[in-house]
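These are my notebook entries on a structure that I went through contact by contact. I set down what I looked up, in the order in which I looked it up.

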Amino acid sequence: MRGNLMESTVNVQEIEKQQVYPPKWYANWKFITASIIIIIALFIAAGSYYQATHFNSQIKINGTKVGGMTADEALGKLKSSELKNVVYVGAQQIIDGTDTKMAFTEKDLSNVKKLVKNQWTFFPSSKAKDYSLIPSSLDQYRSHTLKKQVEDKLLAMNQSLKAPQDAVVRLQQGQIVVTPSVSGEQYDVASLMKEYDKQEYISEIRLNPVYIQPIKEDSEFVKNQQKRLEEFLAQTVDYKVQDKVFTLNAGELIKNASISKDLQIKVDDAGDVKNKLTEINNAQSTLYKNIPFKTHSGAVVSVKVRGYGWAINVDKELPRIMEAFEKGEKSILASNIYGNGWKGEGYGYDKIANNGIGDTYAEVSIAEQRIWIYKNGQLVATTNVVTGNHSTGHDTSRGVWYILYKQSPSVLTGRENGKITYQVDVNFWAPFTNDGQGFHDASWRGNWGSKAYLSNGSHGCVNTPPSVMRTVYNNLSQYEPVVVY
């Protein structure tokens, strides 16, 4: 046992003698390495901090170099930088504005710091970059004064430049014709001013030329104009005169017209429409026409419509027809009617029967020296009369007239060459011509024979026996026709 113990002790001592310990230089190396790592870390941290607070070397803001500067330094340089405010359109300088300081203030520091942050790289970068920054406070000169100068200059330049010509759609001689567009040299000022607002905040403002473009012949707008004209040519307007309707066709009657940008059509030549209206007027009107009249006996005589009657005023109706076509109206009633009334009014437009005379009228036969009064086709009064003196040329005027007015009692005044030749009192007076012929009682007359008018007639009036004049007077109405034949 003792021997084993001694043997073990010897082995331990031998082992301890055999164990190896590191040299002193190894411990120094570890210290050095740790120191180097710390130094590198400090260097990196310092570099990173610098990078985070300074612009890279090739950085610009609005064309101003700010490389290596802090945000505060960069802002200071921007505040002191000048703008030349020179404006170009393409290669042409149009404005040499006033030099101004940039409008940056301390309010813009936060935005400059954002640029520092945005341009940060882990390692310093030499990559060139020019940032655009707009001051938070409005640059009054740049945004208002200079802008207005640019706009005025462009407008002034346009005055001497060739204007573009839009494609034009027209109706010519019944055909839809498109005249091609022509390009111009005038600037599109509105577009250029929008581009001005987007410019960077630097000394030179360079605007790309933008020109006013004409409306092209193949554009949708021109196609719409063509379509509108095609629709226009297919239009019809029903023109109603009395109880008849005349259908007017644009394609047949309108040969020349223009169309506006808002698709409104303007008729340029209404010659054929006027001819059509004249044709309708000739067919329908009664004024100054010789019309057949069926007398009390059934015989038919021709009488000329003179004081009575109506006609269409074609010149006044024409614009109404044109407007109806232009506005797409489907029908229109004749309204501009004229005649020989006191104020140019025409009478009988509302009468269709009996060739426009109707069934209420007074009939005067010079040959028979008699009158007949009809109301609604019924004879209500008839009597012998004495008409104008034939031998002295005072014949009662033949034709279709109308009762101008009625007066009871009345004083009749006769004139010759402007001088008063007589004045007589009558109980009833109903004139029917503008020169003073009419129905009246004649208490002074003794000769009521059928031949009295040949040499002992009136001055043109229809002398009516006093015994029946009240009945005749009561059955005559203002504006109703008087047929003398």
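Entry 1: T100. I began with T100, which I located in strand β6. The model is a predicted one, and I read every entry below with that in mind. T100 has a relative accessible area of 16%, and because buried means under 20%, I entered T100 as buried. I then looked up its side-chain partner: a polar contact of 3.0 Å runs from the side chain of T100 to the side chain of N85. Setting aside residues up to four places away in sequence, I found T100 touching S81, E82, L83, N85 and Y141.

Entry 2: salt bridges. How many salt bridges does the count come to? I recorded 14. One of them joins K79 to E106, with the closest N and O atoms 2.9 Å apart. K79 belongs to helix α3 (residues 71-80), while E106 sits in the loop between β6 (100-101) and α4 (109-118), so this pair ties together parts that are 27 residues apart in sequence. I noted K79 as partly exposed, at a relative accessible area of 32%.

I next looked up E204 and R206, whose side chains meet in a salt bridge at 3.1 Å, N to O. Both ends are partly exposed: E204 has a relative accessible area of 36%, and R206 has one of 40%. R206 has a further entry, for I found it over the face of Y88, at 3.9 Å from the ring centre. I logged a second case of this kind for K129, which lies over the face of Y131 at 5.4 Å from the ring centre.

For D350 and K351 I read a salt bridge with the closest N and O atoms 3.6 Å apart. Is D350 buried or exposed? At 60% relative accessibility, I entered D350 as exposed, whereas K351, at 27%, counts as partly exposed. I also noted that E82, K84 and D99 are joined into one network by salt bridges that share partners.

Entry 3: aromatic pairs. My search of the whole structure returned 12 aromatic pairs. Among them I looked up F104 and Y201, which form an edge-to-face pair, 5.8 Å centre to centre and with 80° between the planes. This pair links distant parts of the chain, 97 residues apart: F104 is in the loop between β6 and α4, and Y201 is in the loop between α6 (189-197) and β10 (204-207). I recorded both F104 and Y201 as buried.

The next pair I looked up was F428 and Y473, which is tilted, at 4.9 Å centre to centre and 45° between the planes. It also links distant parts of the chain, 45 residues apart, with F428 in the loop between β25 (419-426) and β26 (429-431) and Y473 in helix α12 (residues 466-474). F428 is at 10% relative accessibility and counts as buried; Y473, at 10%, counts as buried as well. I closed this entry with one aromatic cluster, formed by F293, Y361, Y374 and Y485.

Entry 4: nonpolar cores. Which residues have the most contacts inside the largest nonpolar core? I found Y239, I321 and F325, in a core of 33 residues. Helix α10 supplies the largest share of this core, with 6 residues. I then listed the contacts of F325, leaving aside neighbours within four places in sequence: F232, Q235, T236, V237, L248, N249, A250 and I254. Apart from this core I found another, of 23 residues, which includes V364, V386, F439 and V462.

Entry 5: R320. I returned to helix α10 (residues 314-327) to look up R320, which is found there. R320 has a relative accessible area of 25%, so I entered it as partly exposed. Which residues does R320 touch, not counting those up to four places away in sequence? I listed I332, L333, A334, S335 and N336. With S335 the side chain of R320 shares a polar contact of 3.1 Å. As for L333, I noted that its C-alpha atom is separated from that of R320 by 9.7 Å, the two residues being 13 apart along the chain.

Key. Residues numbered from 1 in each chain as written. Predicted model: local features only at pLDDT ≥ 70, side-chain atom pairs only at ≥ 80, totals over all residues. Heavy atoms only, no water. Helix = DSSP H or I, 4+ residues; strand = E, 2+ residues; numbered from the N terminus. Buried < 20%, exposed > 50% of the residue type's maximum accessible area, 1.4 Å probe, protein only. Contact = heavy atoms within 4.5 Å. Polar contact = N/O pair within 3.5 Å; in protein donor to acceptor, adjacent residues only side chain to side chain. Salt bridge = Lys/Arg side-chain N within 4 Å of Asp/Glu carboxyl O. Phe/Tyr/Trp six-rings, centres within 6.5 Å; stacked < 30°, edge-to-face > 60°. Lys NZ or Arg CZ within 6 Å of the ring centre and 35° of its normal. Core = buried A, V, L, I, M, F, W, Y, C linked by side-chain atoms within 4.5 Å.
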